Amino acid sequence: MYRAYKITDFEVGDYLLKFEEDKWVNHGKIVLQQGTMFGIRTKTHDGIIMLRDNILYSEGFIASKDPLDKPSKG
């Protein structure tokens, strides 16, 4: 299975991933973009969390259109 990852230029619809304790962890999905701010929906919080793009980039997040927990087809 092929997955493309981005380290900058995140977009609405991307899943945010971060490497923690020897594995990649899904931290939510970008559902809104306003200027340099991203709105992120997670399972752990109700509503949308707004974060500046430089926070996401500097904290080591990457983005992908495909979630990690999606079953592999092969």
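**Exercise 1. Classify Trp24 in this predicted model as buried, partly exposed or exposed.**

Step 1. Take the relative accessibility of Trp24, which is 41%.
Step 2. Recall the limits: buried is under 20%, exposed is over 50%, and partly exposed lies in between.
Step 3. Trp24 therefore counts as partly exposed at 41%.

**Exercise 2. Find how the rings of Phe19 and Trp24 are arranged.**

Step 1. A pair of aromatic rings is described by the distance of the centres and the angle of the planes.
Step 2. The ring centres of Phe19 and Trp24 are 5.2 Å apart. The cut-off for a pair is 6.5 Å.
Step 3. The planes of Phe19 and Trp24 stand at 65°. Angles over 60 degrees count as edge-to-face.
Step 4. So the Phe19 and Trp24 pair is edge-to-face.
Step 5. Add the exposure of the partner: Phe19 has a relative accessible area of 46%, so Phe19 is partly exposed.

**Exercise 3. Describe the pair formed by Phe10 and Phe38, and place both residues in the chain.**

Step 1. Start with the total: the whole structure has 3 aromatic pairs.
Step 2. For Phe10 and Phe38, the ring centres are 6.2 Å apart and the planes meet at 45°, so this pair is tilted.
Step 3. Locate the two residues. Phe10 sits in the segment before β1, and Phe38 in strand β3 (residues 37–41).
Step 4. These parts are 28 residues apart in sequence, so the pair ties them together.
Step 5. Check exposure. Phe10 and Phe38 are both buried.
Step 6. Look for further partners. Ring pairs join Phe10, Phe38 and Tyr57 in a cluster.

**Exercise 4. Work out the surroundings of Asp14.**

Step 1. Place the residue: Asp14 is in the segment before β1 (15–20).
Step 2. Its relative accessible area is 0%, so Asp14 is buried.
Step 3. List the contacts, leaving aside neighbours within four places in sequence. They are Lys6, Gly28, Lys29, Ile30, Ala63, Ser64 and Lys65.
Step 4. Pick out the lysine at position 6. The side chains of Asp14 and Lys6 form a salt bridge (2.7 Å, N to O).
Step 5. Compare with the exposure of the partner. Lys6 has 22% relative accessibility and so counts as partly exposed.
Step 6. Turn to Lys65. The side chains of Asp14 and Lys65 make a polar contact at 3.1 Å.

**Exercise 5. Trace the salt bridges of Lys65 and identify the network they belong to.**

Step 1. Note the total: the structure holds 5 salt bridges.
Step 2. Take Asp14. Its salt bridge with Lys65 has the closest N and O atoms 3.1 Å apart.
Step 3. Lys65 is in the segment after β5 and Asp14 in the segment before β1, so the pair ties together parts 51 residues apart in sequence.
Step 4. Take Glu11. The side chains of Glu11 and Lys65 meet in a salt bridge too (3.5 Å, N to O).
Step 5. This pair links distant parts of the chain: Glu11 in the segment before β1, and Lys65 in the segment after β5 (62–64), 54 residues apart.
Step 6. Check exposure. Glu11 has a relative accessible area of 41%, so Glu11 is partly exposed. Lys65 is at 43% relative accessibility and therefore counts as partly exposed.
Step 7. Join the bridges. Lys6, Glu11, Asp14 and Lys65 are linked in a salt-bridge network.

Technical notes: Residues are numbered from 1 along each chain as its sequence is written. This is a predicted model: local features need pLDDT of at least 70, side-chain atom pairs count only at pLDDT 80 or more; totals for chains, interfaces and linings use all residues. Side-chain values use heavy atoms; hydrogens and water are left out. Helices (H or I, at least four residues) and strands (E, at least two) are DSSP runs, numbered from the N terminus. A polar contact is a pair of N or O atoms within 3.5 Å; within protein, one must be able to donate a hydrogen and the other to accept it, and residues adjacent in sequence count only if both atoms are side-chain atoms. Contact means heavy atoms within 4.5 Å. A salt bridge is a side-chain nitrogen of Lys or Arg within 4 Å of a carboxyl oxygen of Asp or Glu. Buried means under 20% relative accessible area, exposed over 50%, partly exposed in between (1.4 Å probe, protein chains only). Rings of Phe, Tyr and Trp (its six-membered ring) pair if their centres lie within 6.5 Å; planes under 30 degrees apart count as stacked, over 60 as edge-to-face and the rest as tilted.
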